[in-house]
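Biologist: I would like a careful, close look at one part of this model, set against a short account of the whole chain. Please take it step by step.

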Amino acid sequence: MMKKVKLPLAGLMMSVAVQTSAGAPRAVVSDAVPAVTAATVPAAILEVDSDAVPGAISGTGSASSPAGGLPLAPDTGNAGVVAAAAGMQSPGVTMADTLSASPKKEPWMQRMRERSEAKERSGAFMITPLVGPGYTPEMGFTIAGGVLMSLRTDRSDPALQRSSFPLNIGYGTNGAFFVNSKIATFWFHDQLRVYADVNFKNMKDNYFGIGYESARNTPKGSTTTAYKRLWMQFNPRFMWQFRPHLFAGAGLDLNYTKGKEACDQVAADPTYAKYNDRPFNSGLSANFQYDSRDVAVNAWKGLFAEVAASFYGGYLGSDNTYQIYSVDVRKYIPIVRPGHTLALQVRGRFGNGDVPYGEMSQLGTPFDLRGYLWGEYRDKSMFFAIAEYRHTFYRRNGRPSAHGLVGWVATGSVANSPAAFSYWLPNGGVGYRLQVQPRMNLRLDFGIGVGGQHGFYFNFNEAF
């Protein structure tokens, strides 16, 4: 016996002929405009109301079913006729339930995040361009453009960290132009790590002299501190892992600092006068590290400790002969859940010999006491400590989001030698983090110091 009923499906009206005679039950779809088959509506489920068709029959179809009919399997209870495509069998599911359960388009940010995570898992090359404003005490308001590039050097090794190649280019309202990059790469199943700092800066600057007292007692001004500075640096380091978490290696540092258009007070400073015509410095370093961080550029847990000694001299064509010794210890403590991290750092840098004014230790960089004028406080030796809390927000599904906040407190000092540290500069600030690639952030920091000094920094990856 055949009975026809009309069913709407996605705005189409079609007839379903239900055969209830003996033999294999079938539902025959006809009179559709346009024709609808299991191939064209693979996720559709058709149900005939039990009042219209007593003696229910349900079944499933496939993309290979003919357009004229979908084979159905009998259902115990005979409570309706259901044609389900692509192997889906849904007895008792109404059309309203089916349409409400249809997959919805995901938000574009989620789709981008999923594509990014897929690239991260595969180790594929990723590139993220960004542009944003900033403000630093030494350059004024800046417009900075950046590109973050990353990849896994061995895509067959899922445990290998992604190598990162950030590049920042900016222009300040005082005429400053800068280019910088902090590169971190990982090779041969993490047996070899190559780091590099690349810097170029041409800007109007301020020189306050050497030591804490000179910085505090010299007012900033066109007749007291003003000059123009050109600075270039190329500093690669090559680290070999000889035991788990233990690295040894060497580095090369080539740097150039040349001042010009100095005001009378700067030109008369004995340190400036001695070294300004000896601008080029070159040296080799020996480096030893312990590193158990989970991700080097954005650690959530682990310990990093480095001891390094650098030797500059005429053997590499340097205009000056001096030594720099440094120690850097960082600890990352997880709090409650991943991405909630207390990050601690203590660092000392100590110079010996004829250290030129451009190579003396300086506070106020984007990587230590953020908010101070970079280079106002300089001397042969420096020490600082930072405690920073980093908070990653979580989505409703329990996964970390792309957004986070940080807050830090810090202090630091400069002096002629470690025994002379006596004046300590306070520092603090807050920041926003936006993950632009897996575990790689855009960093926006606002830092403050004494005397109303402050700065707003736009950069990639964490300060430490």
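Among contacts in the protein chain between residues at least 6 apart in sequence, what percentage join residues at least 24 apart? After that, which residues and which elements make up the lining of the largest pocket?

Modeller: This is a predicted model, and in its protein chain 57% of the contacts between residues at least 6 apart in sequence join residues that are at least 24 apart. The chain holds five helices and 25 strands, and of its 464 residues 48% count as buried. Its accessible surface comes to about 21,700 Å², with 63% of that area belonging to carbon and sulfur atoms.

Turning to the part you ask about, the largest pocket has a volume of about 940 Å³ and is lined by 39 residues, those nearest its centre being Ser-116, Ala-402, Gln-435, Val-436 and Gln-437. By kind, the residues of the lining divide into 15 nonpolar, twelve polar and twelve charged. Helix 2, which spans residues 108-122, gives the largest share of this lining, with ten residues. At least two residues each are also supplied by strand 8 (126-136), strand 21 (381-394), strand 22 (400-415) and strand 23 (425-437).

One of these strands can be followed further through a single residue, Ser-401, which lies in strand 22. Ser-401 counts as buried because its relative accessible area is 14%, which falls under the cut-off of 20%. Apart from neighbours within four places in sequence, Ser-401 is in contact with Thr-392, Phe-393, Tyr-394 and Arg-395. Of these partners, Thr-392, Phe-393 and Tyr-394 fall within the residue range of strand 21, another of the elements that supply the lining.

Further along the chain come strand 24 (residues 440-448) and strand 25, which pair in the antiparallel sense over seven bridges. Within this pairing, the bridge partner of Leu-442 is Phe-460, in strand 25. The two strands form a hairpin with five residues between them, and there Gly-451 takes a positive phi near 70°. Strand 25, residues 454-460, has five of its seven residues buried, so this strand is largely enclosed by the rest of the structure.

How values were computed
Residues are numbered from 1 along each chain as its sequence is written. This is a predicted model: local features need pLDDT of at least 70, side-chain atom pairs count only at pLDDT 80 or more; totals for chains, interfaces and linings use all residues. Side-chain values use heavy atoms; hydrogens and water are left out. On a 1 Å grid over the protein atoms alone, a cavity is a set of points where a 1.4 Å probe fits but cannot get out, and a pocket is an open set with protein on both sides within 12 Å along at least five of seven lines; lining residues have an atom within 4 Å of a point. Grid points are joined across faces, edges and corners, and a volume is the space filled by probe spheres set on the points. Helices (H or I, at least four residues) and strands (E, at least two) are DSSP runs, numbered from the N terminus. Ala, Val, Leu, Ile, Met, Phe, Trp, Tyr, Cys and Pro count as nonpolar, Asp, Glu, Lys and Arg as charged, and the others, Gly among them, as polar. Buried means under 20% relative accessible area, exposed over 50%, partly exposed in between (1.4 Å probe, protein chains only). Contact means heavy atoms within 4.5 Å. Accessible areas come from the Shrake-Rupley method with a 1.4 Å probe; for residues, only the protein chains shown count as cover. Two strands pair if DSSP finds at least two bridges between them.
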